[in-house]
Amino acid sequence: MPGTKEIRSKIASVKSTQKITKAMQMVATSKMRRAQERMRLARPYAQKMRNVIGHLTEANPDYRHPFLVTRETKSVGIIVISTDRGLAGGLNAHIFKQTLLLMRDWQARGAQVSLCIIGSKGLAFFRRLGVPILANVSGLGDRPHVKDLIGTVKVMLDAYSSGELDRLFLVNAQFLNTMTQKPTTEQLLPIEAMDTEGLAEHWDYIYEPEAKVILEGLLIRYIESHVYRAAVENVASEMAARMVAMKAASDNAGKLIGELQLIYNKARQAAITKELSEIVRGAAAV
């Protein structure tokens, strides 16, 4: 059995770690609430843009933008959103697994797969696999901005426009609630058919400049807004996962402290008993 001094040192070390995990839990809780608010504000914007695109496509049924046209899929691009830091439970692992399944599915169909990575954890993971990475960005922090994503997204949009990519997907963590975040896959390009039901009585607008020019810009902003919304949602998922992971770590540290305290008490009791027996034997010898 280890000595009391060694056990006291272990207890002090675990208590120090517990303080850190509790502090990280509280910080993650605070950041998660702010990220949830940003996520809530980002969702309606993307939906409204989709409605406007629906109006414009109804107004110009003869014009089909390349982003709206489905073609034979020979090359696939995947935008993967991961975190920059660890200690977020299995969040990144689940995102990577979802991405690998999507990659293998399209590779089995004979398509070439290229990646766009957002987040340093994703870059470190997929760089080892030898898959072409067309663009990457990291260090977005807890408050990602659209301007930080525009360059990366543009690389993928240009690749799609030039015919290098025939489909573009987005993989990120979907925030369901504090305890549940799941990886989700969404097709960005070609944009799936708009629901134009009920638009006929509303799309008779006057456009300046012409609707085609507006549609061109809106489709790009639409994709950018989707990636931004996914990045914000991924931050909320990261903070929720970290909060849960740090709470579990703090609870485990508490259990370990209790076990070490019990071992310490037993060791101390054994030491006291040994000293008393030595005193008794010494007194008897006298």
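## Working through a sheet and its salt bridges

Strands β4 and β5 form a hairpin, with two residues between them. Here strands (E, at least two residues) and helices (H or I, at least four) are DSSP runs, numbered from the N terminus. Before you start: this is a predicted model, where local features need pLDDT of at least 70, side-chain atom pairs count only at pLDDT 80 or more, and totals for chains, interfaces and linings use all residues. Residues are numbered from 1 along each chain as its sequence is written, and side-chain values use heavy atoms, with hydrogens and water left out.

### Exercise 1: the strand β4

**Task.** Find out in which sense β4 pairs with β1 and with β5.

**Solution.**
- Start with the rule: two strands pair if DSSP finds at least two bridges between them.
- A bit of background: strands of a sheet pair through backbone hydrogen bonds, either parallel or antiparallel.
- Go to β1 (residues 75-81): this strand and β4 pair in the parallel sense, over five bridges. One spot to look at is I78, whose bridge partner in β4 is F169.
- Now take β5 (residues 180-189), which pairs with β4 in the antiparallel sense over nine bridges. F169 turns up here too, with Q187 as its bridge partner in β5, and Q174 stands opposite K182.
- Last, check how covered β4 (residues 167-177) is: eight of its eleven residues are buried. Buried means under 20% relative accessible area, exposed over 50%, and partly exposed in between (1.4 Å probe, protein chains only).

### Exercise 2: the whole sheet

**Task.** Work out the order of the strands in the open sheet, then find a helix that packs on the sheet.

**Solution.**
- Line up the five strands: the order is β3-β2-β1-β4-β5, and the pairing is mixed.
- Look at the edges, which are β3 (133-137) and β5, each pairing on one side only.
- Check the twist: on average, neighbouring strands are turned by 20° against each other, direction ignored. Axes are lines fitted to C-alpha atoms, for helices over the stretch in contact, and angles run from 0 to 180 degrees between N-to-C directions.
- Add helix α2 (residues 91-108), which packs on the sheet and touches β1, β2 (112-118), β4 and β5. Contact means heavy atoms within 4.5 Å. The direction of α2 makes about 150° with that of β4.
- Helix α4 (residues 146-161) lies across β1, β2, β3, β4 and β5, and runs at about 165° to β3.

### Exercise 3: charged pairs

**Task.** Which residues form salt bridges with R229, and which one with R85?

**Solution.**
- Begin with the cut-off: a salt bridge is a side-chain nitrogen of Lys or Arg within 4 Å of a carboxyl oxygen of Asp or Glu. The whole structure has twelve of them.
- Try E186: its salt bridge with R229 has the closest N and O atoms 3.1 Å apart. R229 lies in helix α5 and E186 in strand β5, so the pair ties together parts that are 43 residues apart in sequence.
- Next comes E233, whose salt bridge with R229 has its closest N and O atoms 2.9 Å apart. These two are four residues apart in helix α5, which means about one helical turn separates them. Both E233 and R229 are buried.
- Move on to R85, which forms a salt bridge with D142, the closest N and O atoms being 3.2 Å apart. R85 sits in the loop between β1 and α2, and D142 in the loop between β3 and α4, 57 residues apart.
- Compare their cover: R85, at 41% relative accessibility, counts as partly exposed, and D142, at 21%, counts as partly exposed.
- Finish with K31, which is linked with R85 and D142 in a network of salt bridges.
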